[in-house]
Amino acid sequence: MSLESALRELGKEIQADERFSALQAAAKVNDADEALQQQMQEMQLLSLKYQQEAEKGEEASQDRIAELQQQYQDLYNEIMQGENMQNYSVAASAMEEMAQYISSMIGLFFDGQDPETCEIPASDGCTHDCSTCGGCH
């Protein structure tokens with residue numbers, strides 16, 4: 001099997017995993033959530049206003065910048081407290097864990113570890129020897 005074939009098989013396995021399906025479903029729910037989409041547009045507008053103010057250089061109003069930052073943070077917090085976004089965050093976190101696992105395993109392969117027997121060291125088992133590290137999170 002060629003490297004490209006193996007990668008394509010890995011891609012198929014990733015997309016067949018329930019974590020991938022959960023992320024896709026959560027993204028679809030978020031895309032259909034009109035209130036959330038409106039909030040996301042508001043965040044983009046606040047970001048644009050912030051950039052415009054910051055580009056004024058010395059003439060920029062620090063009070064206005066602080067106000068925009070606070071509005072952005074408040075809206076972000078509101079978005080992240082929503083049920084749909086919380087579900088999406090959980091699903092995205094699970095996919096990130098999968099990606100880190102895959103990356104860590106590939107790192108072991110590149111280090112010459114036996115692909116049949118190598119294991120990622122436990123993250124709580126720091127040896128203080130970076131060559132044994134499988135990553136912290």
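1. A salt bridge here is a side-chain nitrogen of Lys or Arg within 4 Å of a carboxyl oxygen of Asp or Glu. With that in hand, Glu 9 and Lys 12 make a good place to start: their closest N and O atoms are 3.2 Å apart, so the pair qualifies as a salt bridge. Please keep in mind throughout that this is a predicted model.

2. Why are Glu 9 and Lys 12 separated by about one helical turn? Both sit in helix H1 (residues 3-16), and they are separated by about one turn because they are three residues apart there. Glu 9 itself is partly exposed, at a relative accessible area of 35%.

3. Stepping back for the overall picture, the chain has five helices and zero strands. Read from the N terminus, its elements run α-α-α-α-α. The chain has 137 residues, of which 17% count as buried. Among contacts with a separation of 6 or more, 53% join residues 24 or more positions apart.

4. The helix pair I would look at next is H3 (residues 34-54) with H4 (residues 62-81). Their axes are 10 Å apart and the packing angle is about 160°. Since angles over 145 degrees count as roughly antiparallel, H3 is therefore roughly antiparallel to H4. The crossing of H3 past H4 is left-handed.

5. Which residues meet where H3 packs on H4? From H3, the contact includes Leu 36, Met 40, Met 43, Leu 46 and Tyr 50. On the H4 side, Ile 65, Leu 68, Tyr 72, Leu 75 and Ile 79 are among the partners. Taken together, the residues of this contact divide into 12 nonpolar, four polar and five charged. Glu 42, Lys 49 and Glu 53 of H3 are among those taking part, as are Arg 64 and Glu 78 of H4.

6. Glu 53 deserves a second look, as it belongs to the H3 side of that contact and also forms a salt bridge with Lys 56, at 3.0 Å from N to O. Is Glu 53 buried or exposed? Its relative accessibility is 10%, so Glu 53 counts as buried. Lys 56, by contrast, is partly exposed, with a relative accessible area of 45%.

7. A search of the whole structure finds five salt bridges. Another of them links Arg 19 to Asp 17, with the closest N and O atoms 2.8 Å apart. Here Asp 17 is buried, at a relative accessible area of 19%, while Arg 19 is partly exposed, at 34%. The cut-off for buried is under 20%, so Asp 17, at 19%, falls on the buried side.

How values were computed: Residues numbered from 1 in each chain as written. Predicted model: local features only at pLDDT ≥ 70, side-chain atom pairs only at ≥ 80, totals over all residues. Heavy atoms only, no water. Axes fitted to C-alpha atoms, helices over the stretch in contact; angles between N-to-C directions. Helix = DSSP H or I, 4+ residues; strand = E, 2+ residues; numbered from the N terminus. Parallel < 35°, antiparallel > 145°, perpendicular 65-115°, else oblique. Left-handed = near helix turned anticlockwise from the far one by under 90°. Contact = heavy atoms within 4.5 Å. Nonpolar A, V, L, I, M, F, W, Y, C, P; charged D, E, K, R; others polar. Buried < 20%, exposed > 50% of the residue type's maximum accessible area, 1.4 Å probe, protein only.
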